[in-house]
Amino acid sequence: MAAKRDYYEVLGVARDADPGTIKKAYRKLAKKYHPDTNPGDPAAERHFKEVTEAYNILGDPEKKKLYDQFGQAAFDGSGAGQAGAGGFDGFEGFGGFRDGGTGGYRAYHFSGDDPRMDDIFGDLFGGMFRGQDEGHGFRGGHFYGGYGGTGRTKGADLNTEITVSFDEAAFGADKVLHFRREDGSTQSLQVHIPAGIDQGQSIRLRGKGMPGSGGGEAGDLMMKVHIEEKPGFTRKGIDLYSAVTIPFTTAVFGGEAVVQTLGGSVICKIRKGTQSGSRIRLKGKGIVSMKDPSVHGDQYVTVQVQVPRDLSPEAEQKLREFEAACRKSGRRWSAA
């Protein structure tokens, strides 16, 4: 096997070249010999592999130090410098350029934990493919590029929490919300609160998350909803629960009671002998369903009978007469 050329010679730089000079030389040669700009040219592919291998060593301070001390022996498996070299982790052979019948698709394999890759490929390939209809990106230790590539990556989703009023959740609303970004700045977003949303559900704002890479779409912003309480109402799904207090006499003789709903006041009929704790069902007076706007929950109203605290002597006498009459007839006066 023929000996490899000196890496400094491959990149055309002096042995005392600084990192910036080495990087600049690599960019220039990589663009010159890149297979996508030299289709069907095996010599260009060979040169591209060679300059990339050279930069993979000289662009890494630790590997460069080993190379300067041991030369190729630090990376050729002969043993010199192997303990600290970690081996050559650049291209996996030259198979990265095989088309494999994919119409020009190429996968270049690099070490996934190399912090230089994002910078290198952003500069090298970002300009090379500008205006073309192909993707490129660095994902999971593999760079995907070339004509017909699939490197567009969607940005990450972001998560936050918002608090809305009871009525906003029940009827829906449009709100302008202000979010504080990591850099300390604030962002204002117009948000639609869908009618019927429940505690703990999330609102998705598409494209308001992290930006994508390689021309990929932005991620989404997920907002978890917390609903404020509303005095007098308890919500369970799309059903509502409330209470109404009626006079003792209304419970005994029957009558009417005014009940509060989310849509306003309604008059409910109270049957004669209504017991405290009984429920009245108001059909369709609950929360609208998010899945089907034509469906509404119900409101269940618990009746609470108000017992008079202070009675006039005359009223107390009449009540005692009532109690005595119930005993005489053998019926409990409290029963319906």
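## Two strands to start with

Strands β7 and β8 run antiparallel to each other and share four bridges. Strands here are DSSP runs of E with at least two residues, helices are runs of H or I with at least four, and both are numbered from the N terminus. Two strands pair if DSSP finds at least two bridges between them. One of these links is easy to find: Leu205 has Leu221 in β8 as its bridge partner.

Before going on, a word on what you're looking at. This is a predicted model, where local features need pLDDT of at least 70, side-chain atom pairs count only at pLDDT 80 or more, and totals for chains, interfaces and linings use all residues. Residues are numbered from 1 along each chain as its sequence is written, and side-chain values use heavy atoms, with hydrogens and water left out.

## The sheet around β8

β7 and β8 belong to an open sheet of three strands, in the order β4-β8-β7 and with mixed pairing. At its edges stand β4 (158–164) and β7, each with a single partner strand, so each has one side without a neighbour in the sheet. On average, neighbouring strands of this sheet are turned by 30 degrees against each other, direction ignored; the axes behind such angles are lines fitted to C-alpha atoms, for helices over the stretch in contact, and angles run from 0 to 180 degrees between N-to-C directions.

Now look at the loop between β7 (202–205) and β8 (221–227), where you'll find Glu217. Is Glu217 buried or exposed? Its relative accessibility is 55%, so it counts as exposed (buried means under 20% relative accessible area, exposed over 50%, partly exposed in between, with a 1.4 Å probe and protein chains only). Leaving out residues up to four places away in sequence, Glu217 touches Thr153, Lys154, Gly155 and Gly212; contact means heavy atoms within 4.5 Å. From Glu217 to Gly207 it is 10 residues in sequence and 7.0 Å in space, C-alpha to C-alpha.

## A hairpin and a parallel partner

Further along, strand β9 (residues 234–236) pairs with β10 in the antiparallel sense over three bridges. The two make a hairpin with two residues between them, and Gly237 in the turn has a positive phi of about 70 degrees. Lys236 stands opposite Asp239 in β10. Lys236 also lies over the face of Tyr241, 5.1 Å from the ring centre (the rule asks for NZ of Lys or CZ of Arg within 6 Å of the ring centre and within 35 degrees of the ring normal).

Strand β10 (residues 239–247) has alternating side chains: Leu240, Ser242, Val244 and Ile246 point to one face and are buried, while Asp239, Tyr241, Ala243, Thr245 and Pro247 point to the other and are not. β10 also runs parallel to β14, joined by eight bridges; Pro247, for example, has Gln306 in β14 as its bridge partner. Within β14 (residues 299–306) sits Val303, which counts as buried at 1% relative accessibility. Val303's contacts, leaving aside neighbours within four places in sequence, include Val244 and Ile246.

## Tyrosine rings

A pair of aromatic rings is described by the distance of the centres and the angle of the planes. Rings of Phe, Tyr and Trp (its six-membered ring) pair if their centres lie within 6.5 Å; planes under 30 degrees apart count as stacked, over 60 as edge-to-face and the rest as tilted. By this rule there are four aromatic pairs. Tyr7 and Tyr67 have ring centres 4.8 Å apart and planes at 35 degrees, so this pair is tilted. Tyr7 is in helix α1 (residues 7–11) and Tyr67 in helix α4 (residues 61–70), 60 residues apart. Both Tyr7 and Tyr67 are buried.

Tyr26 and Tyr55 form a stacked pair, with 4.5 Å from centre to centre and 10 degrees between the planes. Tyr26 belongs to helix α2 (residues 19–33) and Tyr55 to helix α3 (residues 42–58), 29 residues apart.

## Nonpolar cores

In soluble globular proteins, nonpolar side chains tend to be buried together. A nonpolar core is a set of buried Ala, Val, Leu, Ile, Met, Phe, Trp, Tyr and Cys residues joined through side-chain atoms within 4.5 Å. The largest one here has 23 residues, and those with the most contacts inside it are Leu11, Val13, Ile22, Leu58 and Tyr67. Helices α1, α2, α3 and α4 are the elements that give two or more residues to this core, and α3 supplies the largest share, seven residues.

Another core, of 21 residues, lies apart from it, with Val164, Leu189, Leu205 and Val225 among its members.
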